[in-house]
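Visitor: I would love a close look at a single part of this model, with a little of its surroundings for orientation. Please take your time with it.

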Amino acid sequence: MKFVIISGNPKTSGLCRSITDEIIRGAKESDANVQEISTNDMTYCRVCGDGWGTCLKENKCSFGDDGFTTAQETLRQADAVAIVTPVYWAEVTESLKNFLDRFRRCEQSVFANLIIDSKKLELDDTFDFACNRCGVCCRDRDDIVITPHDAFNITKNLNLPSREFFEKYCEIHQGYNSKLPVVTLRPGDYRKSCRFLSKSGCSIHKLKPSVCKIYPLGRAIDANGDHSKILYFLQDTQCYKGSHSQTIREWLGSFDILREESIFIEYSSWLIDICKTLEEYGVFSNRSSESMKNSVYTALVHVMYLDYDWEKDFLSQFRANTQKLASIFEQAAILTALEQGGDTVVIAPQSESGV
Ligand code: SF4
Ligand code: SF4
């Protein structure tokens, strides 16, 4: 067994040192392979670039030669971990906090993939769940994401102008990492309930967003793997779980979600590609001007959410919209302007009804 002690203790004697020594003694007596990581000589997170450095994509810190990279690897291989720290004003020591911050940054995507991997389900796998319409999953939620296809379906079928839908029911913000517009349902004041939640349940039951339709399942596409395969997984739920057993296929079939899989795959693949393109062109980097960032962001909002005609099919319009965006990015003039950090090129939104 590999047993790791992370010590944030700056002193070489005293109570914390005695505790650490006792843990080491006990672990050795149990034949464990014990390693101690001292965080005292390690540096702090510089919050590189626009907020993230190599930790985000490469899972390692650019300043790891202060002992952090070795400690990170040791911790990855541990079977059990103990943390020892003095407590200063209800907080761990500064060096331990710094270490944990860097470790969290470097491991976050690895950890997310591990969670998905451990919960991954195939279409014919079964799970136990029965909805009793308690509404728990519709309260205290500010993470109900609306995809462009959801927005198209809801606004078209409720005959609700897009602007009214986004202003009244949604919040739109810029994704921290992706920099893309992210639309979520805005919770109401009462118990932060969804505005579509009525006494008898969801008032847009048949039209509800896809994340609600598939709940308690989640789905994702592996950005580094096969983009044509959807990964389904079971989320932890706070609500009544019931004991009805069904396959993933049966659950998704009840909302006709399987017929819409191709839209999810195409949309998710586009998201992965556009994130790479934005990064490649440095559109939202420090060398791009504010007016450039605003213009591109506005164009993205239009392309993704606003420029649709209810009389026409969603997917063909999405394709046409995203192609227009691709051609905008391909203009050499933009590349040149970005390289020079200039702000002379303005990407015009496709209509004037911006959110
Ligand atoms: S963890 Fe390291 S690479 Fe990431 S932002 Fe902090 S200092 Fe930079
Ligand atoms: S849209 Fe319906 S199912 Fe989704 S959170 Fe709102 S009330 Fe609940």
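Visitor: What percentage of the contacts in the protein chain with a separation of 6 or more comes from residues 24 or more positions apart? After that, please show me the sheet of three strands.

Guide: Happily! This is a predicted model, in which local features need pLDDT of at least 70 and side-chain atom pairs count only at pLDDT 80 or more, while totals for chains, interfaces and linings use all residues. Residues are numbered from 1 along each chain as its sequence is written, and chains are lettered from A and ligands numbered from 1 in the order in which they are written.

To your question: residues 24 or more positions apart make up 73% of those contacts, a contact being two residues whose C-beta atoms, placed from the backbone, lie within 7 Å. The protein chain has twelve helices and twelve strands; these are DSSP runs numbered from the N terminus, helices being H or I of at least four residues and strands E of at least two.

Now to the sheet. Its three strands are arranged in the order 2-1-3, forming an open sheet with parallel pairing; strands count as paired if DSSP finds at least two bridges between them. Strand 2 (33-38) and strand 3 (80-84) are at the edges with a single partner strand each, so one side of each has no neighbour in the sheet. From one strand to the next, the twist averages 20 degrees. Strand 1 (residues 2-7) is joined to strand 2 by six bridges, and one of the pairs is K2 with its bridge partner N33 in strand 2.

Helix 3 (residues 68-76) lies across strand 1, strand 2 and strand 3, at about 145 degrees to strand 2. For such angles, axes are lines fitted to C-alpha atoms, for helices over the stretch in contact, and the angles run from 0 to 180 degrees between N-to-C directions.

Helix 1 (residues 15-29) is worth a look too. Its 15 residues reach 21 Å from the first C-alpha to the last, close to the 21 Å expected at 1.5 Å a residue, where the expected span is 1.5 Å times one less than the number of residues. Zero of the 15 residues of helix 1 are buried, so this helix lies largely in the open. Here buried means that 20 or more other C-beta atoms lie within 10 Å of a residue's own, with C-beta atoms placed from the backbone. Just after helix 1, D31 has a positive phi of about 65 degrees.

Terms used
Buried ≥ 20, exposed ≤ 12 C-beta atoms within 10 Å, placed from the backbone.
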